Amino acid sequence: MSRAGTAREVSAEAVSLQAAGRTRAMTVVSPRSPARGAPVVLVFHGSNQSGQVVRRFAGNSLDVFAHRDGAVVAYLDGYKKNWNEARLSNKFAARKDNVDDVAFTLAAVDYLVGRYGADASRVYVVGFSSGGAMVLRLLHEIPARLAGAAVISATQPVPENYPSYTEPAVPVPVVLFHGTADRLVPYQGGMASLWGLFPRGLGRSAPQTAAYYAARNGITAEPTAQRLDGAPPADHTEIERTDYRQAGHPPVTLYTIHGGGHVIPGPGKAPRIMGRTARHLNAADAIEEFFGL
């Protein structure tokens, strides 16, 4: 799954800003001459990564939103390489020190709107692993500020491992990617952990997570599923796409990577210990198509 298009010249800039009394950092990748009203894409890295690390981890594929779509892409840095992403079992320093990563998200949007003339109503969030869990928090706390969300290798925590949000749900388009051989965040649900050590809390399965967000979006129609063609022989993965669609409701899509590991599908070269990477599914292309960028 790939697309051809006109490539813009882009530049990368290291940015520091203040959020909730702390100095935070991010790497901004943008067209050299961004158009006013450009979309914003915020990328949240996995645990023990950084914005620059997840950018390389994805093989720079997420830069496509700037190259091809004219978006302003910001790779945010977590506090001590992690996020305060709402799971009650989260033991990261970001949670222990009560770091306000929601405020950081909003400050990043304000900066990008002010600095680049981007459109505050076209904010898309993309998260991998614990960054995906951070995106799930944003979907519950600031959904009205989001035009779309992409979650890679993360699932919705079970209710006893998550705060009880009482505000009404705001429907948001959501696309999810998950490998069935993910050894860190099990596709079928259960305890997320680092190779069986350092448990990080119980989560729902990837299909249950997709159904959860479909229900939040008011979708009552049954999902449809299809296998996608094009797997090269050496890839050893197969792609299945499950779509929740209903007129008048934002869609939800789950890409199941059969045989895939705890990785970002596409050109990135993850360590072998992370599992297989599907090359014939580029998550960036699928996200771009899903968001309508």
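**Figure 1. Overall fold of the predicted model.** Buried residues account for 56% of the 293 residues in the protein. The structure shown is a predicted model. Its secondary structure consists of 7 helices and 12 strands. The radius of gyration is 18 Å, close to the 19 Å given by the globule rule for 293 residues, and the protein is therefore as compact as a globular protein of that length. Along the principal axes, the C-alpha atoms occupy a box of roughly 45 × 40 × 40 Å. Of the contacts between residues at least 6 apart in sequence, 68% join residues at least 24 apart.

**Figure 2. Helix H4 and its two ends.** Helix H4 comprises the 16 residues 101-116. At 1.5 Å a residue this helix should span 22 Å, and because its end C-alpha atoms are 22 Å apart, the expected and modelled spans agree. At the start of H4, the side chain of Asp100 places an oxygen within 3.3 Å of the backbone nitrogen of Val102. Gly117 follows H4 and has a positive phi, near 70 degrees.

**Figure 3. Buried residues of helix H4.** The buried residues of this helix are Asp101, Val102, Phe104, Thr105, Ala107, Ala108, Val109, Leu112 and Tyr116. Val102 thus appears both in the buried set and as the residue whose backbone nitrogen is approached by a side-chain oxygen of Asp100.

**Figure 4. Strand E6 and the covering of its faces.** Strand E6 is formed by residues 148-152. Because 5 of its 5 residues are buried, that is, under 20% relative accessible area, the strand is largely enclosed by the rest of the structure. In a regular strand, side chains alternate between the two faces of the sheet. In E6, Gly148, Ala150 and Ile152 lie on one side, while Ala149 and Val151 lie on the other; all are buried, and both faces are covered.

**Figure 5. Pairing of E6 with strand E5, and the crossover between them.** Strand E5, residues 123-128, pairs with E6 in the parallel sense over 5 bridges. Within this pair, Gly127 stands opposite Val151 of E6. The chain passes from E5 to E6 by way of helix H5, residues 130-141, and the resulting β-α-β crossover is right-handed.

**Figure 6. Pairing of E6 with strand E7.** Strand E7 spans residues 174-179 and pairs with E6 in the parallel sense over 4 bridges. Here Ala150 of E6 is found opposite Val175 in E7. Ala150 is buried, on the side of E6 that also carries Gly148 and Ile152.

Key. Residues numbered from 1 in each chain as written. Predicted model: local features only at pLDDT ≥ 70, side-chain atom pairs only at ≥ 80, totals over all residues. Heavy atoms only, no water. Expected span 1.5 Å × (residues − 1). Buried < 20%, exposed > 50% of the residue type's maximum accessible area, 1.4 Å probe, protein only. Polar contact = N/O pair within 3.5 Å; in protein donor to acceptor, adjacent residues only side chain to side chain. Pairing = 2+ DSSP bridges. Right-handed = clockwise from strand over helix to strand, strands pointing away. Rg over C-alpha atoms; globule rule 2.2 N^0.38 Å. Contact = heavy atoms within 4.5 Å.
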